[in-house]
Amino acid sequence: MKFINIGGKMNASAVSLGCMRMSEIGEKRVEAIMDSALANGINYFDHADIYGRGNSEKVFGDYLKKHPGTREKIFIQTKCAIHDSQYDFSKEHILRSVEGSLSRLGVDYVDSLLLHRPDTLMEPEEVAKAFDELKASGKVRHFGVSN
């Protein structure tokens with residue numbers, strides 16, 4: 001497996017496992033997929049707060065609970081800023097979204113938070129305030145934009 005360095009601190013697999021449909025496949029299949037991914041060197045897992053209405057993150061979190069020590073070996077990325085089929089780049093929504101993701105995943109931090117899609121109407125200062133707060137609290141290590 002090839003690895004990429006993200007932020008100078010962690011090597012993430014060049015292949016990421018997208019977890020969008022994880023809530024739809026059942027616990028045993030999730031277990032098999034996760035075990036296979038990890039056995040083959042995949043340590044980069046991509047989520048979003050809207051995948052499976054949050055249930056994909058919960059299923060992944062359930063796997064982590066059953067496999068202590070896995071969290072320290074993987075790179076978790078999640079995305080936010082879409083809800084009810086609309087964009088919401090407000091500081092309040094970003095903070096609420098991250099708190100929800102952390103809770104569902106059962107972790108203290110995510111390695112990367114992405115704005116799910118760029119929006120030319122967003123207020124960059126609002127996003128920056130949310131990112132500053134999340135970084136200072138240790139809840140998010142890296143930030144970016146998807147799509």
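Is N147 buried or exposed? N147 is exposed, at a relative accessible area of 68%. The legends below describe close-up views of a predicted model.

**View 1. N147 follows the strand β9.** N147 sits in the segment after β9 (140-145). Its phi is positive, near 60 degrees, and N147 is not a glycine. The cut-off for exposed is over 50% relative accessible area, so N147, at 68%, is counted as exposed.

**View 2. S85 lies in a loop between two strands.** The loop that holds S85 links β6 (82-83) and β7 (86-87). S85 is not a glycine, yet its phi is positive, about 60 degrees. Is S85 buried or exposed? S85 counts as exposed because its relative accessibility is 76%.

**View 3. Five strands make an open sheet.** The strand order is β3-β4-β5-β8-β9, and the pairing is parallel. Which strands stand at the edges? They are β3 (16-18) and β9. Each has a single partner strand, so one side of each lacks a neighbour in the sheet. From one strand to the next, the twist averages 25 degrees. Strands of a sheet pair through backbone hydrogen bonds, in parallel or antiparallel fashion.

**View 4. β5 and β8 run side by side in the sheet order.** These two strands are parallel, and four bridges join them. One residue to find here is C80. Its bridge partner in β8 is L115.

**View 5. A helix lies across two strands.** The helix is α4, and the strands are β8 and β9. α4 runs at about 155 degrees to β9.

**View 6. The largest nonpolar core holds 30 residues.** Which members touch the most other members? They are M34, F45, F60, I76, I94, L113 and L115. Two or more residues come from each of α1 (27-39), α2 (55-66), β5 (75-80), α3 (91-105), β8 (110-115) and α4 (124-137). The largest share is that of α3, with five residues. Another core lies apart from this one. That second core has five residues, including I6, A12, Y44 and F75. In soluble globular proteins, nonpolar side chains tend to be buried together.

**View 7. L115 and its contacts beyond the local sequence.** Neighbours within four places in sequence are left aside here. L115 is then in contact with C80, A81, F89, I94 and M122, among others. Further contacts of L115 include V127, F131, G144, V145 and S146. L115 is also one of the core residues that touch the most other members, and the bridge partner of C80.

Technical notes
Residues are numbered from 1 along each chain as its sequence is written. This is a predicted model: local features need pLDDT of at least 70, side-chain atom pairs count only at pLDDT 80 or more; totals for chains, interfaces and linings use all residues. Side-chain values use heavy atoms; hydrogens and water are left out. A nonpolar core is a set of buried Ala, Val, Leu, Ile, Met, Phe, Trp, Tyr and Cys residues joined through side-chain atoms within 4.5 Å. Buried means under 20% relative accessible area, exposed over 50%, partly exposed in between (1.4 Å probe, protein chains only). Contact means heavy atoms within 4.5 Å. Two strands pair if DSSP finds at least two bridges between them. Axes are lines fitted to C-alpha atoms, for helices over the stretch in contact, and angles run from 0 to 180 degrees between N-to-C directions.
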